[in-house]
Structure formats: structure tokens, C-alpha cells
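The following exercises concern a ligand site and the pockets of a protein. Please work through each task with the structure in view before reading its solution.

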Amino acid sequence: MKNIVLFGPPGCGKGTQSNLLVQKFLLKHIATGDMLRVHLNKETSLGMEAKSYIKQGALVPDKLVITMLENEVKQNLGVAGFLFDGFPRTIAQAVSLDALLDNIGFPINFAILLEVDHNELIKRIVQRGKGSGRADDTDPEVVKSRLITYEENTLPLKEYYTKQNKCFVLNGIGAIDEIFGKICKIIT
Ligand code: AMP
């Protein structure tokens, strides 16, 4: 089993690269943002609880996201590996994920960070918002909050995974194929 965490600020290209990676390595893609949006659209109780946080560009509380993630992993134990996209986003989530995967005997193999500077991120998010209609991509104040939330809560994962010798940092600016090639090189 190959387990990969792909992390980085909103707009860094996690989603694009994840889609390519899951196809090539036949991994189970777990994207917590996508899962939460499904809950929002279906107006489930989790979706209702998560709504205000997502709207403001804040993180959904760890407890809710960790439970959702754990259920998804437990329901897919037969897969070749997991590609975690947008999870973990806090140290508490990373610790829970480690505990869960240690329990099943398949820890994280690689944590790949895609770094992109602020100006480029804002350009990309605004562009994405035009097509996706995602409310959290179209409101500049919400985009700003998401970037601050990333710096404060998620960026510390760089140190967390570096201490475990699992962190690989890549420049997220460049051709999609080129970046994909670099990720594949790390994994294989
Ligand atoms: P994303 O599609 O990954 O950009 O996520 C969209 C929004 O969903 C984020 O801005 C958060 O409000 C929420 N979200 C997604 N994943 C997580 C997570 N692992 N922890 C907390 N909130 C999350």
C-alpha cells in the first residue's frame, strides 16, 4: 500500500495533480473539500455544520473532518493506497491520520508540498472561481482568509513531515506535466 499526502495552499494545483496521480497509481482519492461540498449540496447534518466555516474560508472543526475521513478510509481498506488531498490541514489531523494508518499497518510514505507564491495563487483562484462558481473562490475576502488559515494551520505540517523524513517540497509553478513528472519521480 502506498499512502501519499499532497498539501499546499488553496490554488497550488493539488486537485489537478491528485487526479493524475490516482489514475497512474490506482490510488483511492480522498479529497475532504470535495467530500464536504457533497455534504453541503445534499444538506446533510454534517454539511449544515460545516457550511458556515466553509463560507468564511475557515477550517471545519477537526473532530468533524477526522470522523468523516476515518469512515472513508475504513470503507476502502482493500485499495492499493490512498491519496490524501486537502487532509490533513492541521497538526491534530496529521496526528489522527498517523494513528489511523499505523493501526492498519500502512503509514504515510510521502508528504508532498506544492509551493506557490501569493500573487499566483490569487490569480489561479479567481480564474477557477469563474468556472466552478465556488462561492469560496469568488469572494476576495474569503480567499484571503483561506490563505491566512493555510499559513497558520496547515503550513506547520511541513515541519511535522520533515521530522518524519517524509516531506518533499516542489515548486508548484510550471507546466502540469512537468510537476506531475517530478511527483512521480519522488513516489517511484
Ligand atoms: P478545498 O476544496 O480543499 O479547498 O476545501 C474547501 C473548504 O473545505 C476549506 O476552505 C475548508 O473550509 C473545508 N475543508 C476541506 N478540507 C478540510 C480539512 N481537512 N479540515 C478542515 N476543513 C476542511
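**Exercise 1: The ligand shell**

The shell around the ligand comprises 7 nonpolar, 4 polar and 5 charged residues. The model is a predicted one.

Task: Identify the residues that come nearest to the ligand, and the helix that gives the most to its shell.

Solution. Begin with the 16 residues around the ligand: T32, R37, A58, R89 and Q93 come nearest. Then turn to the helices: α2, spanning residues 32–42, gives the most to the shell, with 4 residues.

**Exercise 2: Polar contacts**

Task: Determine which groups of T32, V60 and R89 lie within 3.5 Å of a ligand nitrogen atom.

Solution. Take the side chains before the backbone. In T32, a side-chain N or O atom is 2.8 Å from a nitrogen atom of the ligand. For R89, the distance from a polar side-chain atom to a ligand nitrogen is 2.9 Å. V60 instead uses a backbone N or O atom, 3.1 Å from a nitrogen atom of the ligand. As for cover, the protein takes up 95% of the 480 Å² of accessible area that the ligand has on its own.

**Exercise 3: Two pockets**

Task: State which pocket the ligand occupies, and describe the largest and second largest pockets.

Solution. The ligand takes the space of the largest pocket, whose volume is about 950 Å³. Among its 47 lining residues, K14, R89, R128, R134 and R146 are the closest to its centre. By class, this lining has 20 nonpolar, 17 polar and 10 charged residues.

The second largest pocket has a volume of about 210 Å³. Its lining includes R37, K51 and R134, and α2, α3 and α7 (135–138) each supply at least two of the lining residues.

How values were computed
Residues numbered from 1 in each chain as written. Predicted model: local features only at pLDDT ≥ 70, side-chain atom pairs only at ≥ 80, totals over all residues. Heavy atoms only, no water. Near = heavy atom within 4 Å. Polar contact = N/O pair within 3.5 Å; in protein donor to acceptor, adjacent residues only side chain to side chain. Areas by Shrake-Rupley, 256 points an atom, 1.4 Å probe, with all protein chains shown as cover. 1 Å grid on protein atoms, 1.4 Å probe; cavity = no way out; pocket = protein on both sides within 12 Å on 5 of 7 lines; lining within 4 Å. Sits in = over half its atoms within 2 Å of the grid points. Nonpolar A, V, L, I, M, F, W, Y, C, P; charged D, E, K, R; others polar. Points joined across faces, edges and corners; volume = space filled by probe spheres on them.
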